[in-house]
Amino acid sequence: MSSTVTGDFRAGVREWCRSNVPSQWRSAQTGVSDTEFVAFQQEWFRTLRSGGFAVPHWPKEFGGGMTVPEQVVLYQELAAADAPRLVLAFVAIHHAASTLLAAGTEAQRRRHLPAILDGEIWCQGFSEPGAGSDLASLRTSARREGDEFVVTGQKLWASGAQHADWCLLLARTDPDAPKRKGISYFLMDMRSPGIDVRPIKQATGESHFCELFLDQVRIPVSQLIGAENTGWQVAQSTLGAERGLTMLELAERLGNAGFRWLVEECGRPRRDGGRPIDDAVVADRLAVFETEIAGLRLLCRDVVERHEAGTAGAADASVVKLFYSELLQRLTGFGAEIGGLAAQSVVGKPSSGGWESGAWVLDFVGSWEWTIPGGSSEIQRTIIGERGLGLPREPAGN
Ligand SMILES: Cc1cc2nc3c(=O)[nH]c(=O)nc-3n(C[C@H](O)[C@H](O)[C@H](O)COP(=O)(O)OP(=O)(O)OC[C@H]3O[C@@H](n4cnc5c(N)ncnc54)[C@H](O)[C@@H]3O)c2cc1C
């Protein structure tokens, strides 16, 4: 690890958590309306910002500047204090910020990074019907007209788009070029005329995602990020952040909240007085999870540090994302097995908490949120095979 963290730093964060993490937020955030969820998330973001903890991974000049070991300590303490997660700001502080820092102009960074710290919400408009895993087949078109692009098409599965101020948008600017070479990347103001946002109602009753219908939406050329027709390369910064950087916090949550609750669940006496943890098979599974989580945490730190040093391998973020998401699925699936019938009857869990609720069946269902987006597990395995191990490439159209 590149540097160490003083005990004072940890003690300071712990004290801050003691004074600032809202008590009873889990019960207060269960069964709330969308408006209450947004208000709570915005308030928690402001609280973290006032402590200097909202964007620890950003450069210092924009309000961040923590070393990776400091970030790890921060995430450990937030997880140990069972703090709410920044669900609403997730795309803004990770995907949008990483893309702006990697490919944005100075003007774009100065316009948007402070605004994100002031609460600007972002969504990601990549996927389309017929272009999910095969993202390069996207058909939303952007035609240049003077100083503007005119965008028409449909986006799907845009998380949180109903609340977003801005969208990271991929659209085809050259229909005649090979498919990866004709795509451009835009910053789209969600208040532009021609955008119809339709939330998708899920089986759980929530509307996590939206469809976006874009009808001749005008985007100024100044909101192109990266050069025209280089959107595919720019998108790799966004996807790299989604698969890699975000995992630093998630790995600590899995270790601190997820595993701790699983151990507690296994230690709870059943009706016959026996405890699952006294069963050797259960104890063995817990030991394996603990070992895997220790490995995941080290892997995440290593990848994020190498990313910062510019020495990360092309498939490193995919390794972390694949390992995290499948471990999360195994762990919550085991929780659902141990929780038995009681776990099946829990129907509601708090907003603002991500998957970590201890409502095991719901958490297991929620874990699929991590094996699909940002490239499914199958796609991550292909990336690891091709870019990491140098295996022959999967046949592709062009
Ligand atoms: C919780 C969640 C949040 C999301 N948020 C966003 C968002 O904010 N913005 C956004 O743009 N998108 C978002 N998505 C969409 C996500 O990126 C896509 O669902 C994902 O890329 C898969 O695409 P698809 O759904 O079209 O499935 P498909 O691509 O049709 O895949 C279906 C199945 O086929 C497999 N498959 C496909 N191609 C191959 C291949 N070449 N080799 C092996 N197996 C293959 C896949 O692994 C999968 O199991 C989100 C999805 C989820 C679940």
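A polar contact, as the term is used on this tour, is a pair of N or O atoms within 3.5 Å, and the model in which such pairs will be inspected is a predicted one.

**Stop 1: the ligand and its polar contacts**

Select E394 together with the ligand, and look for the polar side-chain atom of E394 that lies 3.0 Å from a nitrogen atom of the ligand, a separation that falls within the 3.5 Å of the definition. Keep the ligand on display and add S159, where a polar side-chain atom is placed 2.7 Å from a ligand nitrogen atom. Then add S133, whose side chain brings a polar atom to 2.6 Å from an oxygen atom of the ligand. With these three residues in view, consider the ligand as a whole: taken alone it exposes 970 Å², and the protein buries 66% of that area.

Now widen the selection to the shell. The elements that contribute two or more residues to the shell around the ligand are β3, spanning 148–159, and α12, spanning 377–388; β3 supplies the largest share, which amounts to three residues. In total 17 residues surround the ligand, and the closest of them are S127, S133, W157, S376 and E378. If you colour the shell by residue class, you should find seven nonpolar, seven polar and three charged residues.

**Stop 2: W157, and a second positive phi**

From the closest residues of the shell, which include W157, centre the view on that tryptophan, which has its place in strand β3. Its backbone deserves a check, since W157 has a positive phi of about 65 degrees although it is not a glycine. Is W157 buried, partly exposed or exposed? Its relative accessible area is 46%, and because buried means under 20% and exposed means over 50%, W157 counts as partly exposed.

For a second example, move to N229, in the loop between β7 (209–220) and α7 (231–245). Here too a residue other than glycine has a positive phi, with a value near 70 degrees. N229 counts as partly exposed, at a relative accessibility of 23%.

**Stop 3: the nonpolar cores**

Hide the ligand and select the residues W58, L78, W122, L254 and Y324, which have the most contacts inside the largest nonpolar core, a set of 82 residues. Taking Y324 as the centre, and leaving out residues up to four places away in sequence, you can display its contacts with M247, L250, A251, L254, L296, W355 and W370. Apart from this core lies another one, of 24 residues, and C123, L169, M190 and I219 are among its members.

**Stop 4: S325 in helix α10**

Next select S325, which sits in helix α10, residues 316–344. S325 counts as buried, with a relative accessibility of 1%. A polar atom of its side chain lies 3.3 Å from the backbone oxygen of L322. Residues up to four places away in sequence aside, S325 touches W370, T371 and S377, and W370 is also one of the residues that Y324 touches.

**Stop 5: H95 in helix α5**

Which residues does H95 contact, beyond its neighbours within four places in sequence? Select H95 in helix α5, residues 90–103, and the viewer should bring up F90, Q124, L168, T238 and E242. H95 is buried, its relative accessible area being 1%. A C-alpha to C-alpha distance of 8.7 Å separates H95 from W122, with their positions 27 residues apart in sequence numbering.

**Stop 6: Q41 in helix α3**

Go on to Q41, found in helix α3, residues 34–51, where a relative accessibility of 2% makes the residue count as buried. A polar atom of the Q41 side chain lies 2.9 Å from the backbone oxygen of R85. The contacts of Q41, again not counting residues up to four places away in sequence, are R85, L86, V87, L88 and S352.

**Last stop: E15 in helix α1**

Finish with E15, which belongs to helix α1, residues 7–20. E15 is partly exposed, with a relative accessible area of 40%. If you draw a distance from E15 to T67, the two C-alpha atoms are 20 Å apart in space, while the residues are 52 apart in sequence.

Notes
Residues are numbered from 1 along each chain as its sequence is written. This is a predicted model: local features need pLDDT of at least 70, side-chain atom pairs count only at pLDDT 80 or more; totals for chains, interfaces and linings use all residues. Side-chain values use heavy atoms; hydrogens and water are left out. A residue is near a molecule or strand if one of its heavy atoms lies within 4 Å of it. A polar contact is a pair of N or O atoms within 3.5 Å; within protein, one must be able to donate a hydrogen and the other to accept it, and residues adjacent in sequence count only if both atoms are side-chain atoms. Accessible areas come from the Shrake-Rupley method with a 1.4 Å probe; for residues, only the protein chains shown count as cover. Helices (H or I, at least four residues) and strands (E, at least two) are DSSP runs, numbered from the N terminus. Ala, Val, Leu, Ile, Met, Phe, Trp, Tyr, Cys and Pro count as nonpolar, Asp, Glu, Lys and Arg as charged, and the others, Gly among them, as polar. Buried means under 20% relative accessible area, exposed over 50%, partly exposed in between (1.4 Å probe, protein chains only). A nonpolar core is a set of buried Ala, Val, Leu, Ile, Met, Phe, Trp, Tyr and Cys residues joined through side-chain atoms within 4.5 Å. Contact means heavy atoms within 4.5 Å.
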